[in-house]
Amino acid sequence: MTVPKNTPSDEPLPPFGRSTLWLYKPAFFPQICTEKKTILSVDDILALIGDRCDGVIGQLTEDWGETLFSALSRAGGKAFSNMAVGYNNVDVEAANKYGVAVGNTPGVLTETTAELAASLSLAAARRIVEADEFMRAGKYEGWLPHLFVGNLLKGQTVGVIGAGRIGSAYARMMVEGFKMNLIYYDLYQSTPYGQFLKANGEQPVTWKRASSMEEVLQEADVISLHPVLDKTTYHLVNKERLAMMKKEAILVNCSRGPVIDEVALVEHLRENPMFRVGLDVFEDEPYMKPGLADMKNAVVVPHIASASKGMATLAALNGKIKGYPIWSNPNSVEAFLDENSPAPAACPSIVNSKALGLPVSKL
Ligand SMILES: NC(=O)C1=CN([C@@H]2O[C@H](COP(=O)(O)OP(=O)(O)OC[C@H]3O[C@@H](n4cnc5c(N)ncnc54)[C@H](O)[C@@H]3O)[C@@H](O)[C@H]2O)C=CC1
Ligand SMILES: O=C(O)C(=O)CO
């Protein structure tokens, strides 16, 4: 375990290790973990917290539960900032119990994640990865009309499950870019994309809110999953629901791996060669379930939908919890990302601010 020495504020920060855990130690600039491991275990983090630590910026791959929150609280810690939009790796009730504020980074990844979902939709529809492998293997002998026949998107139906920030941005891209019709399902939201179209005075395609997820699965040609991961969405797409989808449908997942039962997915891909998937996330990340890597009808990328500077900025500002009120609208974070102006004296997004009774910013 390599932990840099406390770094006085006038010295340059140590370079990043592979893991980007930051620890706020009293009277010093943050310590950046230079551990060469990609994923830190609970024991690794316990050792890093030690007996004095004001707060931590951590990652979605870490298991922040009772053990870590009690240790952070004993060390004097008041904040844990998850460098991600999704915080299914955080037990917020345990954080509440120890009075630790939990931050996340909503909004900054909306477009980048939606763009990757759109890229995976296209790559799967037009069989880009298969065709690329074919070219590189020297198998191309000349044009043929049936070579890698794919799915045309224009005029087909795109389905979105979980029509929040990212789901709505993806819908906008597919509808406006490819003139697809839209059907969406969300457990809670009632009018995401419709309002956008109305506000722009246009109705170029049909769109409807489905009354059930099954309706989306049955009707759509391309389906993209964008819900949070919680008890209601674990294995949301399972064997039975895969069987409801069209034989030539495309399924995309840029949310969290466990939203799909990956074993059932591999079986479905094997039995339905015209069914295709584009996956950014996996049930047992970083691993794939046996057989998935062999499936020609799967496009797989290693959780690359995010990776942005803005996410680190928001995570760092969430860590500055001491004396800071909470930004009133976590969906509107531009003020924190303007490099030419000082960031507002507020925390962009603390998910348990109500439970901890933290004040809301008047800014
Ligand atoms: N692959 C990547 O790099 C990234 C993945 N994500 C994932 O995307 C998720 C969504 O992010 P945002 O759109 O910003 O969040 P959001 O909170 O705006 O949207 C999530 C939507 O899911 C809906 N939902 C919740 N339970 C549902 C259910 N059972 N069925 C259908 N819909 C349900 C919610 O009502 C909400 O509208 C994050 O929680 C995170 O897990 C986010 C950023 C990057
Ligand atoms: O922000 C998130 O939730 C991510 O998955 C980042 O990759």
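The centres of domain 1 and domain 2, taken over C-alpha atoms, are 32 Å apart. That is a handy place to start with this predicted model. Domain 1 is made of two stretches, 21-108 and 308-356, while domain 2 covers 110-300. Where they touch, domain 1 contributes six residues and domain 2 contributes seven residues. On the domain 1 side of this contact there are five polar residues, one nonpolar residue and no charged ones.

**Overall fold**

The protein has 12 strands along with 13 helices. Of its 363 residues, 42% count as buried. If you look at contacts between residues at least 6 apart in sequence, 67% of them join residues at least 24 apart.

**Two nonpolar cores**

In soluble globular proteins, nonpolar side chains tend to be buried together. Here the largest nonpolar core holds 56 residues, and the ones with the most contacts inside it are Val158, Tyr170, Ala171 and Val216. Helix H4, spanning residues 110-125, is the biggest giver to this core, with nine residues. Another core, of 43 residues, lies apart from it; Phe80, Val90, Val100 and Ile326 are among its members.

**The two ligands**

Ligand 1 has 32 residues around it, and those that come nearest are Gly86, Gly162, Gly164, Ile166 and Ala305. Helices H4 and H6 (165-178) are the elements that give two or more residues to this shell. H6 gives the most, with three residues. Where does ligand 1 lie with respect to domain 1 and domain 2? Both domains give residues to its shell, so ligand 1 lies between them.

Ligand 2 is surrounded by Leu60, Ala84, Val85, Gly86, Leu109, His303 and Ser306. Gly86 is worth picking out on your screen: it belongs to the residues around ligand 2, and it is also one of those that come nearest to ligand 1.

The table sets out the two shells by residue class.

| Shell | Nonpolar | Polar | Charged |
|---|---|---|---|
| Ligand 1 | 15 residues | 13 residues | four residues |
| Ligand 2 | four residues | three residues | no residues |

Charged residues thus appear around ligand 1, where there are four, whereas the shell of ligand 2 has none. The side of domain 1 that touches domain 2 likewise has no charged residues.

Conventions. Residues are numbered from 1 along each chain as its sequence is written. Chains are lettered from A and ligands numbered from 1 in the order in which they are written. This is a predicted model: local features need pLDDT of at least 70, side-chain atom pairs count only at pLDDT 80 or more; totals for chains, interfaces and linings use all residues. A nonpolar core is a set of buried Ala, Val, Leu, Ile, Met, Phe, Trp, Tyr and Cys residues joined through C-beta atoms within 7 Å. A residue is buried if 20 or more other C-beta atoms lie within 10 Å of its own, exposed if 12 or fewer, and partly exposed in between; C-beta atoms are placed from the backbone. Helices (H or I, at least four residues) and strands (E, at least two) are DSSP runs, numbered from the N terminus. Domain bounds come from an automatic or database domain assignment. Two residues are in contact if their C-beta atoms, placed from the backbone, lie within 7 Å. Ala, Val, Leu, Ile, Met, Phe, Trp, Tyr, Cys and Pro count as nonpolar, Asp, Glu, Lys and Arg as charged, and the others, Gly among them, as polar. A residue is near a molecule or strand if its C-beta atom, placed from the backbone, lies within 6 Å of it.
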